[in-house]
Amino acid sequence: MFAPGARQRPHAPHFLTPLALGIIAVCSGILLWAAFSTGTVTNEQYGIVAPSTPESIRSVAYTVPGENGIETLYIRPGGETSQPVLVRQFGYTFGLQSRGAASPDGHRISLIHVGDATGRAQLTMLDSPGWEPRDIEAVVDYLSPMTWSADGLRLAVARSETAVGGRKTVVVSEVLAADGVATEVARFSDVSQVAPVGYSLDGGRLYIVVLDQSGSSLWVRQAGRTEKVAVLSAGPTRDWSLSPDGSRLAFIERLGVGGRTYAGRTLLIATGAITDAAPEGDQLGTAWRPGLAVADFGGPDGSLMLDDPLAEETYVLPMRWSPDGSMLVATIYSASREGNAAPSETLQIVSVEDRWRVFLSPDEHGARFIGWVRDLE
């Protein structure tokens with residue numbers, strides 16, 4: 001088993017920074033081919049879709065930028081030798097590749113893209129099985145987080161309004177997938193960042209992380225009211241991931257002093273208790289494996305470790321498990337020994353059951369993961 005160097009100071013990959021814009025399981029373990037993890041635990045109405053089983057959501061949606069300002073959306077079945085299928089193509093400008101999210105039921109995809117010279121971000125939804133695109137008349141930030149309700153009927157997004165001295169007012173809106181109508185549900189002033197991070201299992205509560213001068217906190221929107229439920233940190237946090245049942249929030253705390261830079265934490269929302277992913281070392285990236293009560297944390301000292309690393313500095317940043325828990329999409333990050341050399345980042349699909357891993361896109365570079373979706377019919 002390969003254990004990444006614990007003394008290696010992690011570099012935050014560019015896709016995790018705010019410009020481009022994700023547990024430690026302490027008591028149970030899983031084995032990947034390339035990754036070894038230790039851890040604990042239709043009708044015409046868009047709003048009505050056939051239910052999906054986890055076994056039917058084993059395909060990966062991703063985008064690849066191409067020449068002449070054309071970006072392609074692919075869906076690739078989950079298999080070692082599977083080939084991607086071209087689904088749709090979009091125009092993109094200023095080098096701003098689409099950002100997207102798939103609904104937990106695998107029926108829908110939301111994309112935020114900039115398709116013309118105005119620079120305006122456009123929200124588009126695509127519905128299975130045909131994956132026909134629908135432009136949504138909602139104002140969103142290009143870097144807005146996107147989070148779906150479990151039934152795929154609602155999408156939460158954010159937009160910035162006023163900005164003074166690095167602080168701004170951010171509005172969180174909820175978009176109904178059935179008709180594309182967007183409704184403001186929360187507003188936060190004098191903040192640096194606001195991120196809707198997930199819904200409760202029944203959809204009655206929307207959880208929102210707010211970063212401001214006091215640090216990082218978790219808020220909840222329910223029954224027409226917005227309330228603070230927990231303080232995450234006195235400083236900045238990132239890589240927030242709500243557990244599938246909505247009971248826990250995994251996140252990374254940015255530490256300001258000492259030898260440790262990024263610390264994995266998990267909040268139990270009902271009590272406000274926060275537990276450490278590890279007593280020391282650096283963690284980056286979070287993902288929940290179905291059926292476990294704890295999250296996987298990536299990074300040099302996370303719970304996911306490569307069994308066949310290409311270099312001593314190689315480590316995993318998990319993105320999302322498939323709903324049946326058989327596969328993981330992750331970024332394999334390799335820092336160079338040469339201080340001036342660019343780090344290597346590749347998106348890969350890792351199979352737990354069959355012990356293989358492959359590049360998400362045959363092109364290897366430039367792909368952007370959207371989410372797990374229903375298998376193509």
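Trp131 is found in the loop between strand 8 and strand 9 of this predicted model. Its phi is positive, at about 55°, although Trp131 is not a glycine. Most residues other than glycine have a negative phi, and most peptide bonds are trans. Trp131 counts as buried because its relative accessibility is 3%, which is under the 20% cut-off.

The loop that holds Trp131 also contains Pro129, between strand 8 (122–127) and strand 9 (132–136). A cis peptide bond, with omega about 5°, joins Ser128 to Pro129. Ser128, Pro129 and Trp131 are among the residues that line the largest cavity, together with Arg374, Asp375, Leu376 and Glu377. The volume of this cavity is about 50 Å³. Sorted by class, its lining consists of three nonpolar residues, one polar residue and three charged residues.

Asn68 is another residue that has a positive phi without being a glycine, here about 60°. Asn68 lies in the loop between strand 3 (59–65) and strand 4 (70–77). Asn68 counts as exposed because its relative accessibility is 76%, which is over the 50% cut-off.

Several pairs of strands run antiparallel, as the following table sets out.

| Strand | Partner strand | Bridges |
|---|---|---|
| Strand 16 (residues 215–222) | Strand 17 (residues 225–233) | Seven |
| Strand 26 (residues 327–334) | Strand 27 | Eight |
| Strand 27 | Strand 28 (residues 356–359) | Four |
| Strand 12 (residues 167–176) | Strand 13 | Seven |

Strand 16 and strand 17 form a hairpin with two residues between them, and Ala223 in the turn has a positive phi of about 50°. Within this hairpin, Arg221 has Thr226 of strand 17 as its bridge partner.

Strand 27 comprises residues 344–351, and seven of its eight residues are buried. Towards strand 26, the bridge partner of Met327 is Ser351 in strand 27. Towards strand 28, Ile349 has Val358 as its bridge partner. Strand 27 and strand 28 also form a hairpin, with four residues between them; in the turn, Arg355 has a positive phi of about 60°.

An open sheet is formed by four strands in the order 10-11-12-13, with antiparallel pairing. Its edge strands are strand 10 (147–148) and strand 13 (182–191), each of which pairs on one side only. Lys168 stands opposite Val191 in strand 13.

Ile269 lies in the loop between strand 20 (262–268) and strand 21 (273–276). This residue is buried because its relative accessible area is 12%, under the cut-off of 20%. Beyond its neighbours within four places in sequence, Ile269 is in contact with Tyr207, Leu218, Leu242, Gly246, Ser247 and Arg248. Ile269 and Leu218 are 51 residues apart in sequence, and their C-alpha atoms are 8.9 Å apart in space.

As to confidence, the protein has an average pLDDT of 84, and 82% of the residues score at least 70. Over residues 1–49, however, pLDDT stays under 50. The model has 161 contacts beyond four places in sequence for that stretch. Where pLDDT is low, the predicted coordinates should not be read in detail.

Methods: Residues numbered from 1 in each chain as written. Predicted model: local features only at pLDDT ≥ 70, side-chain atom pairs only at ≥ 80, totals over all residues. Heavy atoms only, no water. pLDDT = per-residue confidence, 0-100. Contact = heavy atoms within 4.5 Å. 1 Å grid on protein atoms, 1.4 Å probe; cavity = no way out; pocket = protein on both sides within 12 Å on 5 of 7 lines; lining within 4 Å. Points joined across faces, edges and corners; volume = space filled by probe spheres on them. Nonpolar A, V, L, I, M, F, W, Y, C, P; charged D, E, K, R; others polar. Pairing = 2+ DSSP bridges. Buried < 20%, exposed > 50% of the residue type's maximum accessible area, 1.4 Å probe, protein only.
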